[in-house]
Amino acid sequence: MLVLFLAGAPSVFDSFTLSQILTKALWLGIAAASLIFLSSYGGMISLGQTGIYAVAGFTMANLVHAAGGRNLGWDPWAATAAGIAVATLFGVLCGAIASRSYGIYFLMITLAISVIVFYFFAQVTTLSGYGGIRSVTPPAVIGNPVINPLPLYYAALVASVLVYVGIRYLARTPFGLALQGIRDDPARMQALGFNVSLHRALAFGVGAFIASIAGILSVWYTTQVSPGGINLAQTINILVIAVIGGLYRLEGAWVGAAVFSTIDNYSRLWMPNVGDWLGPDRFETVIGVIFLVIVLASPGGLVGIWESVWARRNRAGRGPTESSGMPAAEEVDGVVDHPAAV
Amino acid sequence: MAPGILLALLGVAVVAWIAYNGVQNGKLFWVVTLNGITLAALFFVVAAGFTLIFGLMRVVNMAHGSLFLLAGYIAFTLQGTLYGVSSNLLSGTPATVVSWIVPLVVATIVIGLAGVLMQQVFLRWNQGQDLRQALITIAISVILADQMVAHFGGIAESIQQPAAWPDSVTVLGVHYGFFRLVVVVGAAIVIGGLLFLVIKRTRFGMIIRAGVDDRSMVSALGVNIQVVFAGAFLIGALLAGLAGVLGGTMLAVQPGNDSAFLLDSLIVVIIGGMGSLGGAAIGSLALGLVSSYSNVYLNFGTTDLTNYSILLTFILVVAMLAVRPLGLFGRPA
């Protein structure tokens with residue numbers, strides 16, 4: 001139903017709203033979904049997703065016609081495929097490094113990966129141009145999103161649906177089930193003969209694949225890519241989106257992204273100036289406070305709040321109903337410590 | 001054990017290459033080495049606080065870099081408003097020892113208290129939920145970073161060192177910055193020594209060491225663990241504040257330094273092992289020397305790879321994790 005609504009959205013909203021809020025929410029949602037996939041099914045909270053989608057974006061932007069960078073003039077689709085492939089491989093490599101670590105260690109190692117990717121592209125100007133690669137050629141089907149935002153909107157919508165369905169499907173395959181087993185008790189899964197590190201590294205590769213889709217869409221969306229767009233602030237924004245939506249609910253990725261891009265847009269319009277503390281430019285403060293409140297009040301994010309309200313209403317009204325949803329979601333209520341390696 | 005052998009070979013090649021270059025140009029080698037050591041000293045002061053808090057409380061303080069930067073801004077502002085010190089050569093007054101020390105002390109204490117406040121208000125009631133605590137400190141760092149841009153602007157500033165101090169000292173035939181070499185390295189050595197004494201010789205240190213090993217047991221023995229936690233957080237934040245003023249005098253006070261020094265602290269403790277002071281010292285030295293050498297010696301005749309020096313830091317981390325996932329002196333939680 002939501003998808004139908006979103007498919008019809010272009011006839012309801014003007015092209016500014018469509019492009020600035022909905023398209024942005026969709027690609028940010030995919031990036032956040034890669035994080036939520038890892039956290040809800042793999043028990044790994046990764047801050048490396050921004051670094052990985054940066055690798056995809058920069059690879060693609062260097063291969064096609066663009067101002068700055070290598071400007072190799074590949075076909076946009078071939079470059080897209082190459083960008084996703086390179087970023088996924090990079091993800092598997094990072095996964096192999098990080099997969100032996102758990103919990104907070106994993107968070108720190110993936111954060112280091114993201115920040116190092118940022119410094120790499122900030123330093124190596126042969127790959128990132130001076131101040132970024134601009135006028136990146138998208139495929140002809142997408143065209144220029146500034147002139148006509150519709151094709152990119154639909155591309156992002158289709159990609160989002162595919163990512164969502166794909167993750168839900170993957171969660172029910174033997175690989176997905178083993179991954180959830182590892183999330184709950186790595187030592188037991190190891191004893192049962194599963195290669196724990198390999199599963200986690202591969203899961204990180206899957207997450208990287210999803211993140212790289214977001215990376216490609218983000219470059220098409222802004223038609224440029226620069227180190228400034230992949231800095232620590234952006235790394236944290238992706239985490240903020242995932243937390244606002246709900247770290248253990250896949251749907252939360254897009255809920256969080258929609259809230260994020262809405263606030264991003266409108267806080268710049270109506271936020272009053274309060275000394276130097278608040279104002280139209282203080283979007284990061286606003287989002288930081290929201291993030292803080294959500295983490296303190298409801299670790300399950302907005303989707304978590306929604307579900308607990310819904311559950312309470314059901315309990316009061318017609319008794320317990322059969323809960324539908326992800327197998328992972330029901331057991332994990334909020335941010336909990338995942339069992340560390342023994 | 002194949003990766004171990006490969007890494008050892010790589011290490012030997014790197015040392016040989018640096019030694020070869022060192023023989024070619026001794027003065028340059030010495031300056032680059034001093035750069036690495038002075039950077040390492042600053043890294044150590046920052047990372048010691050970070051690793052102390054983590055070791056005892058399992059709190060990864062992602063706002064550590066923000067505290068570092070905020071201390072720099074506080075000291076810079078105090079120097080300007082209290083003493084009229086500015087970097088402007090024409091209209092500004094140069095700094096004296098007092099107008100450097102007072103801002104340093106005030107900024108350090110303010111940051112120490114801010115750290116305790118943060119711990120008491122936001123972290124105390126989430127004890128044991130380490131991921132949630134990390135998220136809370138991330139939120140605080142986001143807010144602090146934005147507010148610092150709002151209040152102090154985006155321009156790089158720097159805290160003025162006392163004009164009475166010499167600009168440089170001569171060591172082994174090269175002139176080198178006095179502040180970097182004597183003050184920063186001296187501060188790092190004094191702090192390292194003091195922390196070592198406090199942790200190994202005092203009752204408070206004994207409780208901290210016991211707390212790192214087994215929190216619940218210490219608590220069961222009648223120690224008020226909450227007071228110990230607050231004390232540890234105070235020391236950790238004080239160190240971040242002190243390092244912020246030192247770093248702001250040695251390098252600059254500018255937006256982005258918060259994430260840069262958070263990353264440096266992370267790398268130092270990933271290499272050295274979480275919660276280990278000796279590990280922090282070795283990790284700082286490794287990071288300082290690697291980043292300093294790689295900025296100069298990644299130059300092979302016609303191919304200049306110094307742009308890629310950040311990759312060597314990455315390789316350093318990867319190599320360490322491949323051999324010892326918990327760092328040099330890290331122990332499982």
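This dialogue goes through the contact of two chains and two helix pairs in a predicted model.

Colleague: What should I know about numbering and cut-offs?

Modeller: Residues are numbered from 1 along each chain as its sequence is written, and chains are lettered from A in the order in which they are written. In this predicted model local features need pLDDT of at least 70, side-chain atom pairs count only at pLDDT 80 or more, and totals for chains, interfaces and linings use all residues, while side-chain values use heavy atoms, without hydrogens and water.

Colleague: How many residues does each chain give to the contact of chain B and chain A, and what area is buried?

Modeller: The size of an interface is often given as the accessible area lost when the parts come together. Here that loss (1.4 Å probe, summed over both parts) is about 4200 Å², with 75% from carbon and sulfur atoms. B:Leu131, B:Leu135 and B:Phe314 supply 16% of the area that chain B buries against chain A, more than any other three residues. Counting heavy atoms within 4.5 Å as contact, chain B gives 46 residues and chain A gives 43.

Colleague: Which side chains meet in a salt bridge?

Modeller: The term needs a side-chain nitrogen of Lys or Arg within 4 Å of a carboxyl oxygen of Asp or Glu. The rule finds one across the interface; A:Arg282 and B:Asp146 meet in a salt bridge at 2.9 Å, N to O.

Colleague: How are H3(B) and H5(B) set, roughly parallel or roughly antiparallel?

Modeller: Helices are DSSP runs (H or I, at least four residues), numbered from the N terminus. Axes are lines fitted to C-alpha atoms over the stretch in contact, and angles run from 0 to 180 degrees between N-to-C directions. Under 35 degrees counts as roughly parallel, over 145 as roughly antiparallel. The axes of H3 (residues 64-83) and H5 (residues 130-152) of chain B come within 10 Å and cross at roughly 20°, which makes H3(B) roughly parallel to H5(B). Residues in this contact include B:Leu69 and B:Tyr73 of H3(B) and B:Leu144 and B:Met148 of H5(B).

Colleague: And what of H6(B) and H9(B)?

Modeller: The axes of H6 (residues 178-201) and H9 (residues 225-250) of chain B come within 10 Å and cross at roughly 170°, and are therefore roughly antiparallel.

Terms used: Helices (H or I, at least four residues) and strands (E, at least two) are DSSP runs, numbered from the N terminus. Angles under 35 degrees count as roughly parallel, over 145 as roughly antiparallel, 65 to 115 as roughly perpendicular and the rest as oblique. Buried area is the accessible area (1.4 Å probe) that two parts lose on being put together, summed over both.
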